[in-house]
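Let's walk through this one as a round of questions and answers. Have the sequence and the model open as you read.

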Amino acid sequence: MKVTVVGAGAVGASCAEYIAIKNFASEVVILDIKEGYAEGKAMDLMQCASLNGFDTKITGSTNDYSKTANSDICVITSGIPRKPGMTREELIGINAGIVKTVSSSLVEHSPNTIIIVVSNPMDTMTYLVHKTTGLPKHKIIGMGGALDSARFKYRLAEALEAPISDVDGMVIGGHSDTGMVPLISHATRNSIKVSEFLSEERLEQVAADTKVGGATLTKLLGTSAWYAPGAAVSGLVQAIACDQKKIYPCSTLLDGEYGLSDLCIGVPVVLGKNGIEKIVDVSLSDAEKDHMKASAEGVKKTNALLEL
């Protein structure tokens, strides 16, 4: 199992670290355009191997895509991160060009790869990869919902004053501050609906805090977060690499599912060795349906800014 991570910044390096520590991949290649940067990150991570007990080989490369050849899974984290006050949509001008070039270069050397898109605006960048690479739809996955769901569960556990292992919940829709759809109606604490424990007002606050989870961290850190995004990516990679058949909300190209077509947006999917093996149809409340429809309109507006 060979995994390539493009972008040796905080998110890419964090992703590579979590993959290596989980010890399911034989090799992780980190690639970056900055001279020596990926090599340095790879060396630093390899010096953790004996300390953290993993045998995954980590190598770095400065813009040499031949080193990524025959990768089973490729992760794209390239692009500029958010700064305080920026929306994910505002990154489109620069990041679209980067993602287009990167994805084409990856497919040239690994025509059978599965691509996971992390770069923002993530749903639109995932759509761009569909339009420019020619890969089958099940092999192109946008990472947003897994991260948003982790933030949702964090906020639920906080409100419930419960251990996070007791809490389950999912966020679908667009990966944006306004587009996320936290599925309050399906959220549980140890199989009991959270509405049994929390007032409607408190649940609305949990949903609101979840939606601005990334912006909250960007304001505090001065740049995008990296630990949770890296962990979320590693979870998707492991589900595919180990054929786990796990359900994650991921951005995928829809063709009538949820009443939506010709856009990528977060919905529950089963991940296995073939990538997205099934789109899961989940019943939504009327309010959640309305939010999903509005989210899709927002994604389409951002997609319209692409120069395809």
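**Cysteines, salt bridges and a few other spots**

A search of the whole structure finds 0 disulfides, a disulfide being a pair of cysteine sulfur atoms within 2.5 Å. Keep in mind that this is a predicted model, where local features need pLDDT of at least 70 and side-chain atom pairs count only at pLDDT 80 or more, while totals for chains, interfaces and linings use all residues. Residues are numbered from 1 along each chain as its sequence is written, and side-chain values use heavy atoms, with hydrogens and water left out.

Q: Which cysteine has the sulfur nearest to that of Cys250, and how far away is it?
A: Cys250 is in no disulfide. Its relative accessible area is 0%, so Cys250 is buried (buried means under 20% relative accessible area, exposed over 50%, partly exposed in between, with a 1.4 Å probe and protein chains only). The nearest cysteine sulfur belongs to Cys264, at 11 Å.

Q: Is Cys264 buried or exposed?
A: The closest cysteine sulfur to that of Cys264 is in Cys250, and 11 Å is too far for a bond. As for accessibility, Cys264 comes out at 0%. That makes Cys264 buried.

Q: Which residues does Pro249 touch, apart from its neighbours within four places in sequence?
A: Pro249 lies in strand E12; helices (H or I, at least four residues) and strands (E, at least two) are DSSP runs, numbered from the N terminus. Pro249 is buried, with a relative accessible area of 5%. Counting contact as heavy atoms within 4.5 Å, Pro249 touches Gly145, Ala146, Ser149, Met170, Val171, Ile172, Val267 and Pro268.

Q: How far is the C-alpha atom of Pro249 from that of Glu158?
A: Along the chain, Pro249 and Glu158 are 91 residues apart. In space, their C-alpha atoms are separated by 22 Å.

Q: What does Glu158 pair with in a salt bridge?
A: A salt bridge here is a side-chain nitrogen of Lys or Arg within 4 Å of a carboxyl oxygen of Asp or Glu. Glu158 is partly exposed at 40% relative accessible area, and its closest N and O atoms to the partner are 2.9 Å apart. Both residues sit in helix H6 (residues 145–160), 3 residues apart, about one turn of the helix. The partner, buried at 18%, is Arg155.

Q: How many salt bridges turn up in the whole structure?
A: Side chains of opposite charge can pair when their charged atoms come close. One of these pairs is Lys67 with Asp64, at 3.9 Å from N to O; Lys67 is partly exposed at 46%, and Asp64 is partly exposed at 28%. The search of the whole structure gives a total of 6.

Q: Which residues share one salt-bridge network with Glu277?
A: Glu277 and Lys245 meet through their side chains in a salt bridge of 2.5 Å, N to O. This pair links distant parts of the chain, 32 residues apart: Glu277 is in strand E14 (residues 275–279), and Lys245 is in the loop between helix H9 (227–241) and strand E12 (246–255). Glu277 is partly exposed at 29%, as is Lys245 at 40%. Salt bridges that share partners put Glu277 in one network with Asp243 and Lys245.

Q: Why is helix H5 said to be largely enclosed by the rest of the structure?
A: Helix H5 covers residues 122–133, and its end C-alpha atoms are 16 Å apart, which agrees with the expected 16 Å (1.5 Å times one less than its number of residues). The buried residues include Met122, Tyr127, Leu128 and His130. H5 is largely enclosed because the buried count is 10 of the 12 residues.

Q: Which residue just after H5 takes a positive phi?
A: The phi angle in question is about 80 degrees. The residue just after H5 that takes it is Gly134.

Q: Which strands are the edges of the open sheet of 3 strands?
A: The order is E7-E10-E11, with antiparallel pairing, where two strands pair if DSSP finds at least two bridges between them. E10 (residues 188–189) and E11 pair over 2 bridges, and Thr188 stands opposite Lys193 in E11. Each edge strand pairs on one side only, and the edges are E7 (167–168) and E11 (192–193).

Q: Which residue does UniProt list for "active site"?
A: The listing comes from an unreviewed UniProt entry; positions follow the numbering used here, feature names are shortened, and annotations may be inferred rather than shown by experiment. The residue is in the loop between strand E8 (171–173) and strand E9 (180–182), and is buried at 7% relative accessible area. The name listed is His175.
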